[in-house]
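Thanks for sharing this one with me. I went through the charged pairs and the cysteines, and my notes are below as numbered points.

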Amino acid sequence: MGQGHSRWRKRWQNRRQGAVVCAESDLQGDITIGAKTVVHPKATIIAEAGPIIIGDYNLIEEQSHIINKKVTDADGSTMCVMIIGNHNVFEVGSYVEALKIGDGNVLEAKCKLGRLTELTNGCIIGPMCEVNIQETLPENTVIYGSNCNRRVQSDRPPTQALQLEFLAKILPNYHHLRRPTKTLPKLNP
């Protein structure tokens with residue numbers, strides 16, 4: 001058994017069929033992964049302070065960290081639910097603690113998104129950019145450059161549907177996949 005297997009402590013569940021989760025990924029805690037989401041090997045998802053709910057059609061690349069970190073609030077409670085929408089891309093080495101992430105966002109290589117920041121829809125956090133202030137980013141915000149400059153783009157980033165389809169076919173040929181501990185029924189829209 002590899003290191004990823006021994007670190008898989010609590011349960012995780014696959015909300016719908018079709019998610020591709022590599023066995024070499026590190027999943028800890030109560031994690032719900034949506035349909036057609038791809039989790040690469042060496043990705044880390046830790047639900048320490050409460051559940052993590054990941055929507056459909058997300059791409060979580062190698063060495064990405066999605067962590068619902070335990071922090072004690074003023075009233076002493078520590079239970080927080082992290083909700084990640086649909087069609088998001090977490091590129092190589094991205095680090096995320098934000099509790100709310102909308103749809104269609106791109107978190108580029110080695111960026112950091114702190115717990116106090118909320119992403120709406122269509123935002124891009126550029127490579128090596130760090131955002132950790134208490135704010136809700138407006139839709140289609142782009143943060144870029146060494147000074148973390150900001151602008152608002154007119155269009156949302158394109159979805160990664162073709163890449164997700166390709167990875168869903170290729171990854172099982174080269175990596176072992178995790179099986180869910182619990183499969184929930186399909187949701188009817």
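1. Let me start with Lys 169, which is exposed because its relative accessible area of 55% is over the 50% cut-off. Please keep in mind throughout that this is a predicted model.

2. The partner of Lys 169 is Glu 165: their side chains meet in a salt bridge, with N to O at 3.7 Å. That falls inside the 4 Å limit used for such pairs. Both residues belong to helix α2, and because they are four residues apart there, about one helical turn separates them. Glu 165 has a relative accessible area of 46%, so this residue is classed as partly exposed.

3. How many salt bridges are there by this rule? The count comes to four, and I comment on two others below. As a general reminder, side chains of opposite charge can pair when their charged atoms come close.

4. A pair that deserves a look is Arg 150 with Glu 135, whose side chains form a salt bridge at 2.6 Å, N to O. This pair links distant parts of the chain: Arg 150 sits in strand β21 (residues 149-152) and Glu 135 in strand β19 (residues 135-137), 15 residues apart. Arg 150 is partly exposed, as its relative accessibility is 40%.

5. Next comes the salt bridge between Glu 139 and Arg 156, where the closest N and O atoms are 2.9 Å apart. Glu 139 lies in the loop between β19 and β20 (141-144), while Arg 156 lies in the loop between β21 and α2 (161-174), so the pair ties together parts that are 17 residues apart in sequence. Are these two residues buried, exposed or partly exposed? Glu 139, at 38% relative accessibility, counts as partly exposed, and Arg 156 is partly exposed too, with a relative accessible area of 45%.

6. Now to the cysteines. A disulfide is, in general, a covalent bond between the sulfur atoms of two cysteines. By the rule applied here, the count of disulfides comes to zero. Cys 111, for one, is in no disulfide: the nearest cysteine sulfur belongs to Cys 129 and is 7.7 Å away. The cut-off for a disulfide is 2.5 Å, so a sulfur pair at 7.7 Å does not qualify.

7. A last point on where two of the cysteines sit. Cys 111 counts as buried because its relative accessibility is 0%. Cys 123 is likewise buried, at 0% relative accessibility.

Notes. Residues numbered from 1 in each chain as written. Predicted model: local features only at pLDDT ≥ 70, side-chain atom pairs only at ≥ 80, totals over all residues. Heavy atoms only, no water. Helix = DSSP H or I, 4+ residues; strand = E, 2+ residues; numbered from the N terminus. Buried < 20%, exposed > 50% of the residue type's maximum accessible area, 1.4 Å probe, protein only.
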